[in-house]
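Visitor: Please take me through one part of this protein in detail. I would like a close look at the largest pocket.

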Amino acid sequence: MNVQNFIGGEFVDAVDHATLENLAPATGQLIGTIPRSKQPDVYRAVAAARVAQHEWADLTLDDRADWLEAIADALESRSEELARRESLDTGKPFSLAQRVDAKRSVENFRFFADFSREQEDLVFEMEDATNIVHRRPIGIVGLITPWNLPLYLLSWKVAPALLMGNVIVAKPSELTPLTAHLLAEVCQEIGLPDGVLNIVNGYGPEVGQQILEHEGIKAISFTGGTATGRHVAATAAPMFKKLSLELGGKNATIILDDAEMNQAVQGAIRAGLTNSGQVCLCGSRILVHESIADEFTQHLVAQVSAMKCGDPNHPETQVGALINMAHVEKVESYINLAIQEGGTILTGGTREMTGPPGPTPEGAFLRPTLISGLSHLSRTAREEIFGPVVTIHRFSSDEEAIEMANATDYGLAGSIWTRDTERGHSIAQKIDTGIIWINTWLHRDLRTPFGGVKHSGVGREGGSWSLGFFSEPLNVCIKHD
Ligand code: TXE
């Protein structure tokens, strides 16, 4: 399955025909090649976007919402193939790709189409004048996305960017190009005007960097690691490009002493280990009240030890492969660090598969791992691992739980488990983060703001925050006669 760039409505190779290999995480086998694009490819994409830009901007909001619905319908008709490709590219269980990635990719387009139809003009009346705020397109926007939720996160940006009248140069992760290619196939099939959506593939520092540097690209919406996000900002900010940065996380799952035990155990597992912990919203630190910590930990270890880790295509698999062997080694380095820092491995930390046998032992498999006995100030508990590794810490009061939850450089999400939602809500408001779920996790209303503080990023996307980011407000003040 060779991937090509999608520029001006056509599938093309890189100008110099250079390619990269795309490997399947679960088997280590070659899926196909992708273009190793560089500056000439970005210039071609920007040129194609420029041709499309004004006609697309001149459409009405309703016309563009109709296009989003057409994309949603076409994607939905291929949702099984979408999930199959996403599972192959990322190593995640096919069942998870169906339930989460494919479903949400379609929903992102449908949501923004529907949401736009509820929008009113922004008008502010004065005694002697009327102010009308027009949300105008930015122009050509650059979208750069990571490998963990490839089309889920790309579509989250493409939908509002198109809706607000912009044209796009997008770069998916070089590790997971397949579903961006599927989106391009769908857009070509339904006849989306050429040049409205352009996708270039390749290494971040090569083709991604060119997107950051191109004068014609006026905004960057980036999702990825904090280190890369810092580089994105350093490159794009001096060019006065609009920036939205969704970066890393080290989120706390806080189990209060009055939590319903089974609900809290299931919630902590889902929050900590979904997608093998490769979700920036994952609850990678569990803070549990000391009075229930022994019982909670016992249930947690028993259930995590029994999780089936293996072939992503098998319906019983709960834990698939990580994105690649390099990432397995990075995660293992943190497990070794945890031991050096005095932690105890309660379960996991090894590579064997315990579920249906994977296609080959070369797969990037790592068992879900629970670690206790670490200070919440240890490196293991403060740095983003982005794998199936969760640390467990005890607290004795709500105040201590808040202090521990805030003791990292990140601030993206978190969850609180309690029978007293008032108490949970009060604690939530004292945690420096972007989203807190109470007695649930990853329960998403797409109208709400998504994003973080501190090293988790800058800005919010979602609902009107997306419409705001992907447009430039023009205020026209008309004096009454
Ligand atoms: O990120 P990278 P990854 C974070 C998650 C984790 C990381 C994993 O916390 O840290 O993303 O994704 C491109 N110029 N989030 O490893 O390396 C690169 O090619 C321009 C948070 O992919 O930062 C890829 O397309 N581009 C998020 C993209 O940047 C460059 C949810 C991300 O790559 C580049 C999901 C450069 N110099 C993951 N270098 C959230 N907060 O929602 C790399 N890239």
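Guide: Here is the largest pocket, from its space to its lining. The model is predicted, so local features need pLDDT of at least 70 and side-chain atom pairs count only at pLDDT 80 or more, while totals for chains, interfaces and linings use all residues. Residues are numbered from 1 along each chain as its sequence is written, and side-chain values use heavy atoms, without hydrogens and water.

The largest pocket holds about 760 Å³ of space. A pocket is an open set of points on a 1 Å grid over the protein atoms alone, where a 1.4 Å probe fits, with protein on both sides within 12 Å along at least five of seven lines. Its volume is the space filled by probe spheres set on the points, which are joined across faces, edges and corners.

The lining has 35 residues. Lining residues have an atom within 4 Å of a point. P146, W147, G224, G225 and T228 lie nearest the centre. Four elements give two or more residues each: α7 (204-213), β10 (217-223), α8 (226-236) and α11 (325-340). Helices (H or I, at least four residues) and strands (E, at least two) are DSSP runs, numbered from the N terminus.

By class, the lining has 15 nonpolar, 15 polar and 5 charged residues. Ala, Val, Leu, Ile, Met, Phe, Trp, Tyr, Cys and Pro count as nonpolar; Asp, Glu, Lys and Arg as charged; the others, Gly among them, as polar.

Now the position. Domain 1 (5-247 + 456-479) and domain 2 (252-445) both contribute to this lining, so the largest pocket lies between them. The domain bounds come from an automatic or database domain assignment.

The second largest pocket has about 620 Å³ of space. Its lining also draws on both domains, so that pocket lies between them too.
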